[in-house]
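Visitor: I should like to understand how terms such as "buried" or "salt bridge" are assigned in a protein model. May we go through some cases together?

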Amino acid sequence: MSAVVDEQREVRRARYAVAAVFAVHGAVTGSFATRVPWIQDHASVSAGQLGLALAFPALGASVAMPLAGGITHRFGARTALRGLLALWTLSLVLPALAPNLLTLCLALFVYGASAGMADVAMNALGVEVENRLGRSIMSGLHGMWSAGALTGSAAGTLAAHLGSDARLHHVLAAGVLTVLGLVACTWVLDLQPAEDEEPPPRFALPPKSALLIGAIGFCAVFAEGASLDWSAVYLRDQLDTSAGLAAACTTGFTLTMAVARIAGDKVVDRFGSVRTVRASGVLAVLGGLLVVVAGHPAVAMTGFALMGLGIAVVVPLCFAAAGRSGPNPSQAIAGVATITYTSGLVAPSAIGGLAQATSLVVSFGLVTLLACGLAAFAGVLRAGDRDRPKVSRPAAAVPDPRP
């Protein structure tokens, strides 16, 4: 009985630790995003050159994420996450140091590569904790990421308002977040590969089991990227709103997603992954239709809010399903993450290109059409549904820290 109690205590502690890791990861993104104008001026790049440079984080992540499984297998889950998360927090310093376009692209490639590998490692641990608890936590973990991003953004906004040098700001932020991340990693699960477990290949394409799950994530992230980058432009250009109201729409969309993710686990536990994503797809489609037909800012803002509600829990559930879809959770999660990062890379430019050829209304018609895929193909997430076993591994799989 004592061993069972000790295991339960360890898993609960690991849940809070991995939640803190997600928040730290998000805070790095928020800290960077608010200082992009300073970084642009420091590197002396044009708007077009900046757009090119900002494609490199996704490129770096897509290239590096398949490596995360091998790193985890070699060093163990806790040590791998500790190193990869520290690499990510410290890489925050690099973009602000870049003096020109070439060095900025290289810095952002490293920044994205470290982000992607840490992303895979922490999601794999989150899935394992969810399995052992026997209830959904992935939505809440991604909600913590959003909360961390908002916190980092708030600190970055204050730093920008005070006119601080982004190099100093990011050195301080990286130092604080590195310490917080290392402390949090102390209590995550220390998973080790079985003695007879074959190491994954150094670099592997996404497994087949991840492709359909990744397609669901692609649709959700496409809608997220389009809404984040183009919602303010849509209100300003299509509905002739003020800059303040247009910006408020984007902020509202972000807050809606964060709140929905934090509250989403209870919905998933009650209705299961498949029904939750089907209902989410309906909300996203309804929101997209309101955006397309909107003749008033309030209607469009309601549409973007509904879209945020509709897509908020989809990516966390994709990671959860990927982690249960095959014998190598890290490889499957890396495959899904690669597909979703690719979606985030192509969405903003695809929306802009289609808008240039037609209009933003047509562009968000495409977003709405892709949102239909959430409801239509939600069944592929059944591997992460609520009928999963309460504990995925026997208690003996948890290393006993006692001698």
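Guide: The following exchange sets computed values against the definitions behind the terms. Please note that this is a predicted model.

Visitor: Why is the pair Arg324 and Glu130 called a salt bridge?

Guide: A salt bridge requires a side-chain nitrogen of Lys or Arg within 4 Å of a carboxyl oxygen of Asp or Glu. Between the side chains of Arg324 and Glu130 the N to O distance is 2.3 Å. The pair therefore satisfies the definition. By this rule the count comes to 5 salt bridges.

Visitor: What makes the pair of Arg324 and Glu130 tie together parts that are apart in sequence?

Guide: Arg324 belongs to the loop between helix 15 (314-323) and helix 16 (329-357), whereas Glu130 belongs to helix 8, so the pair links parts that are 194 residues apart in sequence. Both residues, Arg324 and Glu130, are buried.

Visitor: Why does Asp165 count as partly exposed?

Guide: Buried means under 20% relative accessible area and exposed means over 50%, with partly exposed in between. Asp165 has 27% relative accessibility, so the term partly exposed applies. Asp165 forms a salt bridge with Arg167, their closest N and O atoms lying 2.8 Å apart. Arg167, with a relative accessible area of 34%, is therefore also partly exposed.

Visitor: How do you know that Asp237 and Arg236 form a salt bridge?

Guide: Their closest N and O atoms are 2.8 Å apart, and the cut-off is 4 Å, so the pair qualifies. Asp237 is partly exposed because its relative accessibility is 46%, and Arg236 is partly exposed because its value is 45%.

Visitor: Why is Thr338 called buried?

Guide: Thr338 has a relative accessible area of 15%. The limit for buried is under 20%, so Thr338 meets it. This residue is found in helix 16. Leaving aside neighbours within four places in sequence, Thr338 is in contact with Ser62, Met65 and Pro66.

Visitor: What makes the approach of the Thr338 side chain to the backbone oxygen of Ala334 a polar contact?

Guide: The side chain of Thr338 reaches that oxygen of Ala334 at 2.7 Å. The cut-off for a pair of N or O atoms is 3.5 Å, so the distance falls within it.

Visitor: Why can Leu94 belong to a nonpolar patch on the surface?

Guide: Patch residues need over 30% relative accessible area, and Leu94 has 34%, so this condition is met. Leu94 is found in helix 7. The patch is formed by Leu59, Val63, Leu94, Leu97, Phe109 and Val110, which together have about 450 Å² of accessible area. Helix 4 (56-64), helix 7 (93-97) and helix 8 (101-133) each supply at least two of its residues.

Conventions: Residues numbered from 1 in each chain as written. Predicted model: local features only at pLDDT ≥ 70, side-chain atom pairs only at ≥ 80, totals over all residues. Heavy atoms only, no water. Patch = residues over 30% accessible without salt bridge, like charges linked within 9 Å, V, L, I, M, F, W, Y side chains within 5 Å. Areas by Shrake-Rupley, 256 points an atom, 1.4 Å probe, with all protein chains shown as cover. Helix = DSSP H or I, 4+ residues; strand = E, 2+ residues; numbered from the N terminus. Buried < 20%, exposed > 50% of the residue type's maximum accessible area, 1.4 Å probe, protein only. Polar contact = N/O pair within 3.5 Å; in protein donor to acceptor, adjacent residues only side chain to side chain. Contact = heavy atoms within 4.5 Å.
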